[in-house]
Amino acid sequence: MKLTTEQIAQIEETLVLNGLVYQDVKLELLDHIASEIEERLSSEEMSFDIVFKAVFEKWEQSLEISSSGNWLGAFFKAPRVVIEKLVTYSKMQVVFILMSALVFGFVLALIVSNIQSQQTFNSLNLGLKGAYLILVLATVLSLFLIWYSKIKTTYGRLFLYRGWLVFLFFFQFNINIEPLKHFDNNNSFLYNFISCLLIGFPFTYSFFQLLLTVKHYKIVKKLKLV
């Protein structure tokens with residue numbers, strides 16, 4: 001039995017009242033709950049209101065307000081289903097950032113180790129500064145757009161929570177002055193690899209942060225086409 005537009009709107013309103021304001025998770029749950037209600041209405045002789053209440057009682061645990069101080073900050077609270085999605089994505093993101101930083105650092109160490117000209121070395125330093133400056137500017141623009149966006153997503157939430165670290169890395173790792181300051185041809189490759197790895201981390205971190213923006217706007221685009 002297909003639900004009416006009013007019944008679907010009632011499900012969506014109830015999800016919002018339970019704190020589910022992030023569109024990606026809300027749409028996913030809306031689809032699951034609506035399908036479950038339709039199945040039960042087709043197989044059981046009960047009214048919509050009774051089935052509606054029973055199904056939401058089943059989802060009660062997923063909708064209860066929860067938090068995760070270690071991953072999302074002590075003050076952020078949301079339905080458990082949102083917290084679980086954010087934590088799962090955060091853990092996966094950390095793995096990808098670390099793996100990419102290792103590759104970035106290794107490749108950069110190889111390149112710099114084979115540079116013979118000081119001018120080429122200086123050009124690489126300048127190129128790294130320019131590349132990270134582009135990442136910083138893209139982060140600033142993304143922070144502004146997502147902050148003022150009327151559509152909320154879990155990806156946008158993560159970006160707003162961690163985006164400021166991109167600016168901290170800019171100064172902490174001397175990217176604004178001389179990214180390869182600690183690199184020296186007289187040092188061992190391992191030492192230089194570690195130096196390049198430290199530079200690689202903010203680059204890969206910034207890149208994966210911007211991927212959150214892409215994911216956010218894919219959802220926004222999808223909603224506008226509906």
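Okay, quick one to start: which exposed residues does the face of H9 turned away from its buried side carry? Hold that thought while I go through the whole protein. And a reminder that this is a predicted model.

So, the overall picture. We've got 10 helices and 2 strands here. If you walk along the sequence, the pattern goes α-α-α-α-β-α-β-α-α-α-α-α. The radius of gyration comes out at 24 Å, and the globule rule gives 17 Å for 226 residues, so the protein is more spread out than a compact globule. You can see that in the C-alpha trace too, which spans about 80 × 30 × 30 Å along its principal axes.

What about burial? Of the 226 residues, 42% count as buried. About 13,300 Å² is exposed, with 63% of that coming from carbon and sulfur atoms. On contacts: taking those with a separation of 6 or more, 67% are between residues 24 or more positions apart.

Charges, for those of you who think in salt: there are 20 positive and 18 negative ones, and their mean positions sit 12 Å apart.

Now back to H9, which covers residues 165–172. Its buried residues are Val166, Phe169 and Phe170. Look down the helix axis and those fall within an arc of 110 degrees, so they line one face of the helix. And here's what I asked at the start: the face turned away from that buried side carries Phe171 and Gln172, both exposed. So Phe170 is buried, while Phe171 is exposed.

One last thing on this stretch: after H9 comes Asn174, and its phi is positive, near 60 degrees.

That's me done, thanks.

Key
Residues are numbered from 1 along each chain as its sequence is written. This is a predicted model: local features need pLDDT of at least 70, side-chain atom pairs count only at pLDDT 80 or more; totals for chains, interfaces and linings use all residues. Side-chain values use heavy atoms; hydrogens and water are left out. Helices (H or I, at least four residues) and strands (E, at least two) are DSSP runs, numbered from the N terminus. The radius of gyration is taken over C-alpha atoms; the globule rule is 2.2 Å times the number of residues to the power 0.38. Buried means under 20% relative accessible area, exposed over 50%, partly exposed in between (1.4 Å probe, protein chains only). Contact means heavy atoms within 4.5 Å. Accessible areas come from the Shrake-Rupley method with a 1.4 Å probe; for residues, only the protein chains shown count as cover. Lys and Arg count as positive and Asp and Glu as negative; His and the chain ends are not counted. The place of a charge is taken as NZ of Lys, CZ of Arg, CG of Asp or CD of Glu. The arc is that of the directions from the helix axis to the C-beta atoms.
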